[in-house]
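Colleague: Hi! I'm new to this one, could you walk me through it? Please put it up so we can both look.

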Amino acid sequence: MDAAYFRHTGGAGAIKFGKLPVPGLPETGRVLVRVAATAVNHVDTHVRSGAFATELSFPQIIGRDLAGTVEQVGPGGTAGFLMGDLVWSNSMGFDGRPGAGAEFAVVPAERLYSLPVGVDPVEAAAALHSGATAWLALHRHARVQAGETVFVGGGAGQLGSALVVQAVRAGARVITSSSAADTGYCRSMGAEVALDYRSAGLAGELADAVGTLSGGRGLDVHIETSGRHHLEAAVELLALRGRIIALSGMAATNMVPLGRLYTRDGSIRGFAISNASVSDLTDAARAVNVLLSAGALQARHITRLPLRDAAAAHAALEAGTNRGKLVLIP
Ligand SMILES: NC(=O)c1ccc[n+]([C@@H]2O[C@H](COP(=O)([O-])OP(=O)(O)OC[C@H]3O[C@@H](n4cnc5c(N)ncnc54)[C@H](OP(=O)(O)O)[C@@H]3O)[C@@H](O)[C@H]2O)c1
């Protein structure tokens, strides 16, 4: 089968495109999936480069997310999946599992979910990682409540937009930062205040917005997706028992005003979806499917590329030269 894989960690050039054996008959509890689409995420580049330490099995096929069709189920039937079913997964390609960047992938049934009727597999693949990450960040880690005030830094990005949509649906009042050109997009998703991250007066504008929306209580949830953290300001804006969720900025080393944090029962909680349990991923998948069915979870600016362009896709994502979501088609 065609596959994009690497034999050692390294730069994007470590990815080769070529033939690998089609996986054999799936074992009990596993499903052979014909891959229709696989997304390119920042974390896929971290796995490939070795920046994110995880068990790999060389030749390691790239890619975490897939949408596709059930080709064959393991002996004894597998968790209700039937040949031809449209399915998706978002936890392949790390922790010893083969990746999604090939014509076929064998997926453990507990990591496979039905794709809702009428949802395009390419559009689904583009939105899965951000959608599930946003749900876990908001509901599992931040425990967001209706009426709370939430800041989403980078609100127009793939993850940022999934956070905005889901925070709004949870009944939160949302403030975003984004490029000036994207403030309208953030508002269209339900953000009540959309700030330009390049504004010289950003800190004051954010403080004003937090004061107004929270009635002076402060920020309940602060999530920065751009990787550019201003923790002193973030802690200063926190409400009593406010939560900062740290999920971007692999190389960030920030100072934390600890005294200000603990005296308001504030917390900073790190979170990577790679560490999510199967049961957390299943809960997130349920929520993602509701959003997909409602047309409420959509990646912006999807670019479809043939799988053979995987190395170029990784390089473009790392260089920041692409706009939007890259999806590889085997
Ligand atoms: N922890 C996890 O489980 C997890 C899961 C998924 C993603 N992530 C991480 O989340 C981050 C974002 O991923 P993504 O796919 O959403 O990337 P993305 O689509 O490139 O979004 C990043 C956004 O940040 C904006 N931005 C850049 N500089 C900014 C600044 N100073 N202030 C505010 N916004 C700024 C960008 O806007 P412009 O392009 O207009 O400058 C862009 O819209 C990555 O670091 C990724 O690794 C973590």
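Colleague: Let's start with the ligand. How far is an oxygen atom of the ligand from an N or O atom in the side chain of Ser 179?

Modeller: Happy to help, and keep in mind that this is a predicted model. That distance is 2.4 Å. Another contact involves the backbone: a polar backbone atom of Leu 159 is 2.7 Å from an oxygen atom of the ligand.

Colleague: And which side chain has an N or O atom 3.0 Å from a nitrogen atom of the ligand?

Modeller: That one is Arg 228.

Colleague: OK. How much of the ligand does the protein bury?

Modeller: The protein buries 77% of the 930 Å² that the ligand exposes when taken alone. As for the elements around it, α1, α2 (121–141) and α3 (158–169) are those that give two or more residues to the shell.

Colleague: How many residues surround the ligand, and which are the closest?

Modeller: There are 21 residues around the ligand, and the closest are Leu 159, Ser 179, Tyr 197, Phe 271 and Ile 273. Sorted by class, the shell has twelve polar, seven nonpolar and two charged residues.

Colleague: Why does the ligand lie between domain 1 and domain 2?

Modeller: Because both domains give residues to the shell around the ligand. Domain 1 covers 2–119 + 295–329, and domain 2 covers 133–274.

Colleague: Nice, that helps. New topic: how many cavities of 30 Å³ or more are there?

Modeller: The count comes to one. About 60 Å³ of space lies in the largest cavity.

Colleague: Which residues line the largest cavity?

Modeller: The lining includes Phe 6, Asp 44, Val 47, Arg 48, Met 92 and His 314. Helix α1 (residues 42–49) gives the most to this lining, with three residues. By class, the lining of the largest cavity has six nonpolar, three polar and three charged residues.

Colleague: What about the second largest pocket, how much space lies in it?

Modeller: About 230 Å³. It is lined by 15 residues, and the closest to its centre are Met 1, Pro 23, Pro 59, Ile 61 and Pro 98. Ile 61 is also among the residues that line the largest cavity.

Colleague: Which strand gives the most to the lining of the second largest pocket?

Modeller: That is β7, with three residues. Both β4 (60–61) and β7 (104–108) supply at least two residues of that lining. By class, the lining of the second largest pocket has ten nonpolar, four polar and one charged residues.

Colleague: You mentioned Pro 59. Is the peptide bond from Phe 58 to Pro 59 cis or trans?

Modeller: It is cis, with omega near -5 degrees. For comparison, most peptide bonds are trans. Pro 59 lies in the loop between α1 and β4.

Colleague: Last one, about Asp 95. Is its phi positive or negative?

Modeller: Phi of Asp 95 is positive, near 55 degrees. Most residues other than glycine have a negative phi. You can find Asp 95 in the loop between β6 (86–89) and β7.

Colleague: Great, thanks for the tour!

Conventions: Residues are numbered from 1 along each chain as its sequence is written. This is a predicted model: local features need pLDDT of at least 70, side-chain atom pairs count only at pLDDT 80 or more; totals for chains, interfaces and linings use all residues. Side-chain values use heavy atoms; hydrogens and water are left out. On a 1 Å grid over the protein atoms alone, a cavity is a set of points where a 1.4 Å probe fits but cannot get out, and a pocket is an open set with protein on both sides within 12 Å along at least five of seven lines; lining residues have an atom within 4 Å of a point. Grid points are joined across faces, edges and corners, and a volume is the space filled by probe spheres set on the points. Helices (H or I, at least four residues) and strands (E, at least two) are DSSP runs, numbered from the N terminus. Ala, Val, Leu, Ile, Met, Phe, Trp, Tyr, Cys and Pro count as nonpolar, Asp, Glu, Lys and Arg as charged, and the others, Gly among them, as polar. A residue is near a molecule or strand if one of its heavy atoms lies within 4 Å of it. A polar contact is a pair of N or O atoms within 3.5 Å; within protein, one must be able to donate a hydrogen and the other to accept it, and residues adjacent in sequence count only if both atoms are side-chain atoms. Accessible areas come from the Shrake-Rupley method with a 1.4 Å probe; for residues, only the protein chains shown count as cover. Domain bounds come from an automatic or database domain assignment.
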